[in-house]
Amino acid sequence: MADWRGRHVLITGAAGFIGNALSERLAALGARVTGMVRRSVPGVWHDEFICDLDVPEEQLLPESIHIVFHLAGRVHQPDDDPKVDTPYMRTNVAGTRWLLEAARAREVRRFVYVSSTKAMGEGTAETVDEETRPRPQDAYGRSKLAAERLVLDAGSKTNLETVVVRLPAVYGPGSKGNIAQMLERIRSGRFPPLPEFGNRRSLVHVANVVDALLLVGSHPNAAGEEFLVTDGCDRSTRALYEAMCAALGKAVLPWSIPRWALGLTARAGDGIADLTGLPVPMDSVRYSKLAGSASYSCEKLSSRLGYTPKHTLAQGLSAMVAELERAERSRQGER
């Protein structure tokens, strides 16, 4: 483990799910953490740098920064058209370009860009690695891939050491994404017993993400490289459903909804959405997320840098359930 004491680290998106976890770990290791946020918020960082990547203006980064972890960016919004690139390109590409230039101006040593497996694409049965040709399927994925190329190009042409890290779905206490939503719906009895699709999906515990970021932020062999980070094993959607039931202490029902029924419901949902313009609980996009594969290999990170995922799905789900229960007790206490 590298010695982070006294190192000055800038984390963009510091108030987010991953950014907050990374800030806490680095602060505990003795680093001086500057959190870059859009507006002033409480945090564990020592200093705050307020900046909007959509409108960065002519700002200079703080002095004496050793490493930038760039996590901030535009993610999917409910009202976004997935085919329209402009808002994603503005934040994720133009914003990253400005940050790279600002980092070079301050002679930052290393720049770690946290990207997404959406830059690679998904839906194939094969396991994807860093050698797989990227095929992003929406505006978000295209913007992340374009930003990755900016980062790696800057590293090849300047003294700035650059690293790209791609993440699949990240889970753990504090998450608000699809995994957390699925867990909450199973807990409240609003999620159907899924069939076994036989698909394979990669996930990653937020603590494993932080371990990987600390590794690529300090390892001499990481510069100029791109890495995928996962828990090191894939699961089908049915296996994930059963793991969530176990974490919640719920019995797995002895029956499941037939796959053909879910497909039929998805097609009906498409028709209803087209006619009404209203959101539906099941459509082809949601069905593909349940039934499709998104498998990624972290072998490169393991073999070259010694990455070992230490935190398991069971641990992450247990912590998320405890968080849900604390929130429920707090709501009951307020009544």
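This talk goes through three helix pairs and a few single residues in a predicted model.

Some housekeeping before the details. Residues are numbered from 1 along each chain as its sequence is written, and side-chain values use heavy atoms, with hydrogens and water left out. Because the model is predicted, local features need pLDDT of at least 70 and side-chain atom pairs count only at pLDDT 80 or more, while totals for chains, interfaces and linings use all residues.

I start with helix α5, residues 206–218. Helices here are DSSP runs of H or I with at least four residues, strands are E runs of at least two, and both are numbered from the N terminus. The end C-alpha atoms of α5 are 19 Å apart, and its 13 residues should span 18 Å at 1.5 Å a residue, so the two values agree. The expected span is 1.5 Å times one less than the number of residues.

How much of α5 is buried? Eleven of the 13 residues are, so the helix is largely enclosed by the rest of the structure. Buried means under 20% relative accessible area, exposed means over 50%, and partly exposed is in between, with a 1.4 Å probe and protein chains only. The buried set includes Val206, Asn208, Asp211 and Gly217.

Take Val210 as one residue of that helix. Its relative accessible area is 2%, so Val210 is buried. Leaving out residues up to four places away in sequence, Val210 touches Ala21, Leu22 and Arg25; contact means heavy atoms within 4.5 Å.

Those contacts bring me to helix α1, residues 17–28. The axes of α1 and α5 come within 10 Å and cross at roughly 60 degrees. Axes are lines fitted to C-alpha atoms, for helices over the stretch in contact, and the angles run from 0 to 180 degrees between N-to-C directions. The pair is therefore oblique: under 35 degrees counts as roughly parallel, over 145 as roughly antiparallel, 65 to 115 as roughly perpendicular, and the rest as oblique. α1 passes α5 in a right-handed crossing, that is, with the near helix turned clockwise from the far one by less than a right angle. From α1 the contact takes Phe17, Ile18, Ala21, Leu22, Arg25 and Leu26, and from α5 it takes Val206, Ala207, Val209, Val210, Asp211, Leu213 and Leu214. By class, that contact has eleven nonpolar, no polar and two charged residues. For the classes, Ala, Val, Leu, Ile, Met, Phe, Trp, Tyr, Cys and Pro are nonpolar, Asp, Glu, Lys and Arg are charged, and the others, Gly among them, are polar.

The second pair is α2, residues 86–105, with α3, residues 139–157. Their axes come within 8 Å and cross at roughly 15 degrees, and α2 and α3 are therefore roughly parallel. This crossing is right-handed. The contact includes Tyr88, Met89 and Leu100 of α2, and Tyr140, Lys144 and Leu150 of α3. Its classes are eleven nonpolar, three polar and four charged residues.

α3 itself has 19 residues and reaches 27 Å from first C-alpha to last, close to the 27 Å expected. Among its buried residues are Lys144 and Glu148, along with Leu145 and Val151. Which elements cover the buried residues of α3? They include α2, β5 (110–116), β6 (161–167) and β9 (226–228).

The third pair is α7, residues 259–276, with α8, residues 284–291. Here the axes come within 8 Å and cross at roughly 150 degrees, which means that α7 is roughly antiparallel to α8. Arg259, Leu262, Gly263, Ala266 and Asp270 of α7 meet Ser284, Tyr287 and Ala291 of α8. That contact has four nonpolar, two polar and two charged residues.

Now the loops. Leu253 lies between α6 (237–248) and α7, and is partly exposed at 38% relative accessible area. Leu253 and Pro193 are 60 residues apart along the chain, with their C-alpha atoms separated by 6.8 Å. Beyond four places away in sequence, Leu253 touches Pro193 and Arg238.

Lastly, two residues with positive phi. Ser64 is not a glycine, yet its phi is about 60 degrees. Ser64 sits in the loop between β3 (47–50) and β4 (67–70) and is exposed, at 53% relative accessibility. Glu107, also other than glycine, has a phi near 55 degrees. Its place is the loop between α2 and β5, and with a relative accessible area of 69% Glu107 is exposed.
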